[in-house]
Amino acid sequence: MKLEKQDNNKQRVFIRILGNVNLTQGSAESDIIEFFTEGDIENVDNCIYLTYEESKVSGMEGTTTTLRIDDQQVSLIRMGTVNYAMDFQKGGKIYNQYETNYGELSMGVVTNDVVVEYDKQLPKRIYVDYDLDINGMMVGN
């Protein structure tokens, strides 16, 4: 991430998002998604917040995504045209709600690994490996 100072506690950053999604359990086939965007990063009450606007590339234009990073877990919060939160904490299954136009779905997240690498007390790399089920049905890794 490249940083630019702003007037307040926030810093402007350039973000590279790389996703490797396997939608078929046990299959070697996966979809690789990569895009670059700008966002803001700030430290509030010993938590780091990384916020950026989704685009057409992600399929979630009109949505703001925030990553909340602390020493216990990483949380992803999306608000806008898509609304949901996902909590990633290694070693357990956490249930979250996914809001759709047709009602809410229950998302089960099993976090296999979470690694946050820092450079000068700011996250340089965030790696999350997780399995996802929706209403009890395995969706992918």
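Asn46 is found in the loop between β3 and β4, where strands (E, at least two residues) and helices (H or I, at least four) are DSSP runs numbered from the N terminus. The model is a predicted one, in which local features need pLDDT of at least 70 and side-chain atom pairs count only at pLDDT 80 or more, while totals for chains, interfaces and linings use all residues. Residues are numbered from 1 along each chain as its sequence is written, and side-chain values use heavy atoms, with hydrogens and water left out.

Asn46 makes a good starting point for a look at the backbone. Most residues other than glycine have a negative phi. Asn46, although not a glycine, has a positive phi of about 65 degrees. At 70% relative accessibility, Asn46 counts as exposed; here exposed means over 50% relative accessible area, buried means under 20%, and partly exposed lies in between (1.4 Å probe, protein chains only). In the hairpin of β3 and β4, which has two residues between the strands, Asp45 also takes a positive phi, near 50 degrees. Gln121 offers another case, with a phi near 65 degrees in a residue other than glycine. Gln121 sits in the loop between β9 (103-119) and β10 and is exposed, with a relative accessible area of 69%.

The overall fold can be described next. The protein has zero helices and eleven strands, and read along the sequence it follows the pattern β-β-β-β-β-β-β-β-β-β-β. Its C-alpha trace spans about 45 × 30 × 30 Å along the principal axes. With 141 residues, a compact globule would have a radius of gyration near 14 Å, and the 15 Å of the protein agrees with this; the radius is taken over C-alpha atoms, and the globule rule is 2.2 Å times the number of residues to the power 0.38. Of the 141 residues, 30% count as buried.

How do β3 and β4 pair, parallel or antiparallel? These two strands pair in the antiparallel sense over six bridges, where pairing requires that DSSP finds at least two bridges between two strands. Val44 has Cys47 in β4 as its bridge partner. On the next step along the chain, β4 and β5 also pair in the antiparallel sense over six bridges, and Tyr52 stands opposite Thr65 in β5.

Charged side chains add further links. The structure holds eight salt bridges, each being a side-chain nitrogen of Lys or Arg within 4 Å of a carboxyl oxygen of Asp or Glu. One of them joins Arg78 and Glu54, at 3.3 Å from N to O. Arg78 lies in strand β6 and Glu54 in the loop between β4 and β5, so this pair ties together parts that are 24 residues apart in sequence. Arg78 counts as buried at 11% relative accessibility, and Glu54 is buried as well, with a relative accessible area of 6%.

Another salt bridge is formed by Arg68 and Asp70, whose closest N and O atoms are 2.8 Å apart. Arg68 is partly exposed at 24% relative accessibility, whereas Asp70 is buried at 18%. Lys93 and Asp133 form a salt bridge too, with their closest N and O atoms 2.6 Å apart. Lys93 lies in strand β8 (residues 93-100) and Asp133 in strand β10, so the pair connects parts that are 40 residues apart in sequence. Lys93 is partly exposed at 41% relative accessibility, while Asp133 is buried at 9%. Salt bridges that share partners also join Arg12, Glu38 and Asp40 into one network.

Finally, there is the empty space to consider. Rolling a probe the size of a water molecule over the atoms shows where such space is left. The largest pocket has a volume of about 1,600 Å³. On a 1 Å grid over the protein atoms alone, where a 1.4 Å probe is used, a pocket is an open set of points with protein on both sides within 12 Å along at least five of seven lines, and lining residues have an atom within 4 Å of a point. Grid points are joined across faces, edges and corners, and the volume is the space filled by probe spheres set on them.

Which residues lie nearest the centre of the largest pocket? Of the 42 residues that line it, these are Ile17, Leu18, Gly19, Asn20 and Tyr130. The elements that give two or more residues to this lining include β2 (11-21), β3 (31-44) and β10 (122-134), and β10 gives the most, with nine residues. By class, the lining has 28 nonpolar, eight polar and six charged residues; Ala, Val, Leu, Ile, Met, Phe, Trp, Tyr, Cys and Pro count as nonpolar, Asp, Glu, Lys and Arg as charged, and the others, Gly among them, as polar.
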